[in-house]
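Hi,

Here's the structure I said I'd pass on. Have a look at it first, and then read my notes below.

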Amino acid sequence: MHLNLKTAGVAAAMLLFGVTLAVAAQAYDPMRAVQGQPAATPESGPAVAPNPDFENLPDTAGVEETYYMCSGCHSTAIIKQQSISDARWDYLWDWMIEEQGMAKPDEETKQAILAYLKEHFSSER
Ligand code: HEC
C-alpha cells in the first residue's frame, strides 16, 4: 500500500475516534443501579421499612408509643419532616408538655419515644 501523509492522517484520526468511543463506553457502568448516584455504602445500612399502621413511620422499636403519643394533636408529617438536633428534640418534648398540654407519660415511655425520634429524625445521625 502506498502510504502518503494524507492517508496516515486519516488513519490517525480514525484511531483517535476509536479510543474516544472506548473511553466513553467505559464511563457507563451497567452494574450501577442509578447513573450519577453513588452505590449504597455499607454504612448507610438497609432502609427501614415504613409501618402502614402508624402513618408510615419507620418501623423500629418505639414506633407504636411515638404514634399514639404524638398523633393526637397533629399529623405525624410534622415529625417526619424534621431533621433537628437531639437537644432540640429534648426541648420540643418539654415544650409540647408545658405549652401544648401534651400528657406526660411514664419515664420508660418518654425514653422510648425520644430515642425513636433521635434515631430517625435527628440531624446528628
Ligand atoms: C397536646 C397536643 C400535642 C401533642 C400530644 C403533640 N404535639 Fe407536637 N405540636 C402541637 C402543637 C399545637 C404544635 C404547634 C403547631 C404550630 O406550629 O402551630 C406542635 C408542633 C410540633 C412540632 C413542630 C415544632 C416546630 O419547631 O415548629 C413538632 C416537631 C412536634 N410538634 C412533634 C411532636 C411529637 C414528637 C409529639 C409526641 C412526643 C407531639 N408533637 C405531640 C401539639 C401537640
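A quick term before the ligand: I call a residue near a molecule if its C-beta atom, placed from the backbone, lies within 6 Å of it. On that basis 15 residues surround the ligand, and the closest are Met69, Cys70, Cys73, Gln100 and Met102. Helices H2 (63-70), H3 (77-80), H4 (86-98) and H5 each give two or more residues to this shell. Helices here are DSSP runs of H or I with at least four residues, strands are runs of E with at least two, and both are numbered from the N terminus. By class, the shell has ten nonpolar, five polar and no charged residues; Ala, Val, Leu, Ile, Met, Phe, Trp, Tyr, Cys and Pro count as nonpolar, Asp, Glu, Lys and Arg as charged, and the others, Gly among them, as polar.

Do keep in mind that this is a predicted model: local features need pLDDT of at least 70, side-chain atom pairs count only at pLDDT 80 or more, and totals for chains, interfaces and linings use all residues. Residues are numbered from 1 along each chain as its sequence is written.

Now the fold. The protein has five helices and two strands, in the order α-β-β-α-α-α-α along the sequence. Of its 125 residues, 9% count as buried, meaning that 20 or more other C-beta atoms lie within 10 Å of the residue's own (exposed is 12 or fewer, partly exposed is in between, and C-beta atoms are placed from the backbone).

The largest nonpolar core (buried Ala, Val, Leu, Ile, Met, Phe, Trp, Tyr and Cys residues joined through C-beta atoms within 7 Å) has six residues: Leu57, Val63, Trp89, Ile113, Tyr116 and Leu117. Helix H5 (residues 107-120) supplies the largest share of this core, three residues. Leaving aside neighbours within four places in sequence, Leu57 is in contact (C-beta atoms, placed from the backbone, within 7 Å) with Pro50, Asn51, Val63, Thr66, Tyr67 and Thr76.

What about H2? Its buried residues are Val63, Thr66 and Cys70. Seen down the axis of H2, they fall within an arc of 70° (taken from the directions from the helix axis to the C-beta atoms), so they line one face of the helix. These buried residues pack against strand S1 (50-51), strand S2 (57-58), H3 and H5.

One last spot to check is the loop between S1 and S2, where Glu55 sits. Phi of Glu55 is near 50°, a positive value in a residue other than glycine.

Cheers

Key: Contact = placed C-beta atoms within 7 Å.
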